[in-house]
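Q: Please take a close look at one helix pair. Walk me through how the two helices pack.

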There are 2 protein chains.
Amino acid sequence: MPLDPIARVRRFNRAVTTEVGALDMSFLGRGRPLGTARVLNAIGHGQSDVAAIRDYLGLDSGLMSRLLRGLEDEGLIETVPHPEDARRRVARLTKAGRSEFRAYEALSNAQAKDFLARHSRQEELLRAMDLVASALGRGRIVLEEMDPRDDDAKYCLGEYYAELARRFENGFDVSLSRDPEAVDMVRPRGAFLVAMSDGLPIGCVGLKGGGGEVAEIKRLWVAPSARGLGLARRLMEAAEDIARELSIKVLRLDTNSALPEAQQLYRNSGWTEIARFNDDPYPDTFFEKHL
Amino acid sequence: MPLDPIARVRRFNRAVTTEVGALDMSFLGRGRPLGTARVLNAIGHGQSDVAAIRDYLGLDSGLMSRLLRGLEDEGLIETVPHPEDARRRVARLTKAGRSEFRAYEALSNAQAKDFLARHSRQEELLRAMDLVASALGRGRIVLEEMDPRDDDAKYCLGEYYAELARRFENGFDVSLSRDPEAVDMVRPRGAFLVAMSDGLPIGCVGLKGGGGEVAEIKRLWVAPSARGLGLARRLMEAAEDIARELSIKVLRLDTNSALPEAQQLYRNSGWTEIARFNDDPYPDTFFEKHL
DNA sequence: CGATTTATCTGACTAAAGTCAGATATCATG
DNA sequence: CATGATATCTGACTTTAGTCAGATAAATCG
């Protein structure tokens, strides 16, 4: 007789609401009401468009206006008309605002650190938290196009190689593989996409072009904590969209039968198996898709 | 370059605070302000002492008083003086209150169910949520003495047997083992303790007495999601305390070398290895402790 | 250009939550 | 039984959050 899943979810809710009050409430502790602090933090995190902040925090325009005024009176922010549309306003931190924001960040980090310090089995706990955060934050996953040499991209690639090394019978060594040049995965030849979930990289895919009408899909990877959310498909679709933008007519990719879930995905989304088209030692299966 | 643990914790906080607003807010949806609904739910969950509720919800006594009055006016609760101390008051649900509480419970359950339905890989997600909830709710774990035939106890025993079956080379079959009679694990001969975390059983231990000065520790088990919190030690200490209450002078236990972490615990808490004292086919190591 | 739409702001509200200083009744103690 | 401690209640506040109907100014469209 297993435990009731609903009871388990409710227990999680209880545990988290009790604890999170004391956990994410770095908003408190600097003598500023919650709403004001949330706006300041949203601006600090790069949200500058007033409408975007209002939308993000779910605030009424009147309330928003007052909160902004309050922060302005405190000298923490300044608002200027949007350069392209003077009806809209853009808010940005002043010097004092930046320092106040840093103080909030430091508080948040200290709380997170304390939280971790109070717990044993940290890596296991973090993995569970990653999984829950990925599931809960599913709707907020955004695909960002970036240079494959950026940190978040490099993190994903590192994890991808590590996973291949674990899953291939004889391991995996990038230097023996046909590692694409970064320039082939940057516009105009190609692109590199990283899936970001609340600021953390959780997946990637590369579109490697050579300038012609044929390009390759490379380095499709999704973090273990984010599997089952349909992210791989979303990455592939986004890569295909970019390929079409770049006037690419045919996509190809190579893969290995040690990765059956990937092959499954390709077969389910319009790819057909073709003959080997390169001499890379690792792949044993090859696919193609006409756009 | 692994991800920053602090960033991971903060991402979890963000994901959870965003989602939990829409997740545990079964409090809403019945046209009652949050504070009032929280008090009603606390009473429904068995908190009856006004001071206890106030403490649990962190409310000012004046505010609490008004909220109680509001619920009384609605006819959902009644308050009576505490039988042993007429200064204190005890609140309980009326018939209407019980039905209103049930409506909140149904809402909560429906939301939990919806939440689960929105996610794939449910068992994996639930396991991660259990782990997080155990870690976060660590301070709220309570040890309850109960009959080993109660549901929560039986759940723990079932999980215990399943774990032995997984870990012993040749499996585990209770019927071949010396399964203690329930009556030997109930006062006055012995006791059975279950660790409850926010309403869910996550560990147990049995004290099996025979009426004399010697008793046995049996069925020490901690749920995987709750390991590393020091719960096994806490269960053992509680069992020893009860043994002392029952005037037991010597405790014994048998275990198996396939469970090294258990042996480690015994050695670290005053137990010494002794010779085999029974003919049960499963154990291969035996311990004793003088109280 | 004039009419309409859009983004923000202002003023005038309400509701909810929280604070605090007594008031009141009961209990515990010497 | 007087004294002080304790638990709750009451009244008189303040703060925060949120709502809503215009006002204002800039953009967009026919």
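A: The helix pair comes first, then the cysteines.

This is a predicted model, in which local features need pLDDT of at least 70, side-chain atom pairs count only at pLDDT 80 or more, and totals for chains, interfaces and linings use all residues. Residues are numbered from 1 along each chain as its sequence is written, chains are lettered from A in the order written, and side-chain values use heavy atoms, without hydrogens and water.

The pair is in chain B: α2(B) spans residues 34-44 and α3(B) spans residues 50-57. Helices here are DSSP runs (H or I, at least four residues), numbered from the N terminus. Their axes lie 10 Å apart, at an angle of about 125 degrees. Axes are lines fitted to C-alpha atoms over the stretch in contact, and angles run from 0 to 180 degrees between N-to-C directions. α2(B) and α3(B) are therefore oblique to each other. Oblique covers what is left after roughly parallel (under 35 degrees), roughly antiparallel (over 145) and roughly perpendicular (65 to 115).

Which residues of α2(B) and α3(B) meet? From α2(B) come Arg38(B), Val39(B), Ala42(B) and Ile43(B); from α3(B), Ile53(B), Tyr56(B) and Leu57(B). Contact means heavy atoms within 4.5 Å. By class, the contact has six nonpolar residues, one charged and no polar.

Now the cysteines. The structure holds zero disulfides over all chains; a disulfide is a pair of cysteine sulfur atoms within 2.5 Å. The sulfur of Cys156(B) is 4.6 Å from the closest cysteine sulfur, in Cys204(B), too far for a bond. Cys156(B) is buried, at 0% relative accessibility. Buried means under 20% relative accessible area (1.4 Å probe, protein chains only).

Key: Buried means under 20% relative accessible area, exposed over 50%, partly exposed in between (1.4 Å probe, protein chains only). Helices (H or I, at least four residues) and strands (E, at least two) are DSSP runs, numbered from the N terminus. Ala, Val, Leu, Ile, Met, Phe, Trp, Tyr, Cys and Pro count as nonpolar, Asp, Glu, Lys and Arg as charged, and the others, Gly among them, as polar.
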